[in-house]
Amino acid sequence: MDMTTFQRQYLQITQINKGGTGVIYRAYHQNLGKYVILKQITLMQDISFVRREVDILKNLRHRFLPVIYDFINVEGNWFIVEDFIDGTDMNHYIKNKTFIPEPLAIKWLHQMCEVLEYLHTRRPAVFHSDIKPGNIMIDANGDICLIDFNISVLCGDRVSVLGYSNYYCAPEQIAKANDPRSSVVIDARTDIYSTAATFYSLLSGIVPSAQTPNRPLAQMRLPYSEGLMRLLDRAMLTDMSKRWQSAAQMSSQLNHLKHLTAKAQKAKKRAILLFIVGVIIAGLGVICTACGVHVNKIAEIESSISRVNSRYETEGVSDSLIEEIQAILSDKSYSSVLRQKTMSTAQLYRMLGEHQYNMDTQSGYASAGKYYGKAWDLIQQSDASDSVKREYAVNYVMALAVSGDSVGAQSIADAYIYGYDELTAIAVKVQLAYSRGEYDNVLSLAAEIPEGRDQVSVRSRLYKIIAAAAEKNFPLSSDDMITAAGWLKKAADIDPSDATRRYAASYCMNLGNILSDETYYIDAARYYESIIYQTDEDKVNYAELQAVRKKYSESLSLLNDINSFDPVLLCKINYIKAMDFAGLGRFNDASDYCYQTISSYNMLNEKQREKIDVQAIRHLMQQIGIDGEIF
């Protein structure tokens, strides 16, 4: 299928997820008259085998599975087309710590067993191989839908593992991934383990591990029957031969939970008698062992926190880092130790607050205030220095102020910040003035900021607030824009985060366009080149910057390495390529890409069109000699 046909058939293409084996888009299918999912396969070794796997999946028909419609090739890029399920995945319930009543949990578990038994009894057998909370949707009827088969892992007689999802994969998947030639078996019991691990997290709120033993559900004080908890515990045993051997067997046992509970209670009574005898004999040994376990738990937590801090230094508050932090904080086996390590726990909550603050939404600011508030409460209980405590107070105050709670922000500022160091006092005054719309006051306060590179997070946020105030100053002048750029450059020069440098790069590029000043282009290029985790949008923006600087060949080279089907980016890519070819004197190619730009623009919805500079495209068309109003 060529790109033009693809863009006519699939409208409103939006990326909604990205994983190790592909990128997931939602799109409107013209012929079907409904939304579908486009799963782009990016990790692939044998296209003929993948095609055969998709053909197998296309023939699957079950009420708890999405319909697979097609497998298409768009100019060398392969996509699976399947139903879009309008609902919420199980990860939503876990993250929000939603209590799931036992009857509902049993219903969903029955439905999972039913669909797994259907898959496992096909000829050839189909194994999902990537069951996790994010791949189990709950639709509008309250039923499950199992999505996102890991096609590049296993189907029928093909036994290979190219990757796995942390936490919910079975131990044998990790073993097979580490040594593909091993004799480790991957079969129905692998899906059974992952299903149980998902429900383990759903019921307990604890993220499981495939690499270390998990605390059995039956040993926790949870509001669920012992039969249900033991059923899931057995499904998660490391020894595959001791798990339920089929989904049908596990489903059958779900119908006999009372029997499992009674059996467990008898075993518990016998265990209590043995324990009473044993505790008398081995009391001292138990105490020593308990101390050793506690020491080991402290070492485990310290190792986890050290890893988080190391990642934070190199990549900032990335989404994957935030998931790791949430896993640590939600692990109930860590809770007693975390309560003792107040400074380390405060640091984890501070990172969560920073992540939410950077989202730049009202809900993000509210969540940031919640996390910064927890961090502030904890740091006050620690033996941190006064300067560290003031930095935490500043974070909390700024989050409160930007979310509209100026009274709460002012009270904390009066009690803990003013009268100490000059920087934090000014930072709070700037944030409060900005939250009240006093932009002139913000710019006046900027002159009082002491020089230095200390307290990076405070300075970076302070500089960005002043830049925003300069932009909002009315009427906006070129001097205000130059002022804003100056403060953003100061923020980017001290803050290593991608988000800050991306912000500065974009602003400098726009200012360079307005003022026709090469020095701002040079700054923008420097910041784009320093971004560690570049997105497709970063690469497109950098390519446009190179085109504006008349480095047309470099711009084309950058664009040719981008493999995106985001409709807005596609429109921009076509426009930049037209600009590059025009600059190189290849006007026929430039004309072709101009028409492709127009075609891709006409496919966009109203909101997407706001991101496209139509005047720039029209100006380029006039330069090339394309006449007429064709938008």
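**Strand β3 and the nonpolar cores**

Q40 has its place in strand β3. The model is predicted.

Student: Is Q40 buried or exposed?
Tutor: Buried means under 20% relative accessible area. The value for Q40 is 2%. Q40 is therefore buried.

Student: Which residue's side chain makes a polar contact with the side chain of Q40?
Tutor: The contact runs from side chain to side chain. Its distance is 3.4 Å. The partner of Q40 is N77.

Student: How many of the eight residues of strand β3 are buried?
Tutor: Strand β3 covers residues 34-41. It is largely enclosed by the rest of the structure, because the buried residues number six of the eight.

Student: Which residue in β5 stands opposite I37?
Tutor: β3 and strand β5 (residues 77-83) run antiparallel. Five bridges join them. Opposite I37 in β5 stands E82.

Student: Which helix gives the largest share of the largest nonpolar core?
Tutor: This core has 83 residues. I325, V430, I449, L462, I466 and L545 touch the most other members. The largest share is ten residues, and it comes from helix α15 (residues 386-402).

Student: Which residues does I449 touch, not counting those up to four places away in sequence?
Tutor: I449 is one of the core residues that touch the most other members. Leaving out residues up to four places away in sequence, I449 touches L423, I426, R459, L462, Y463, I466 and W487.

Student: How many residues make up the other core, which lies apart from the largest one?
Tutor: Its members include F71, A196, W244 and M250. The count for this core is 62 residues.

Terms used. Residues numbered from 1 in each chain as written. Predicted model: local features only at pLDDT ≥ 70, side-chain atom pairs only at ≥ 80, totals over all residues. Heavy atoms only, no water. Buried < 20%, exposed > 50% of the residue type's maximum accessible area, 1.4 Å probe, protein only. Helix = DSSP H or I, 4+ residues; strand = E, 2+ residues; numbered from the N terminus. Pairing = 2+ DSSP bridges. Core = buried A, V, L, I, M, F, W, Y, C linked by side-chain atoms within 4.5 Å. Contact = heavy atoms within 4.5 Å. Polar contact = N/O pair within 3.5 Å; in protein donor to acceptor, adjacent residues only side chain to side chain.
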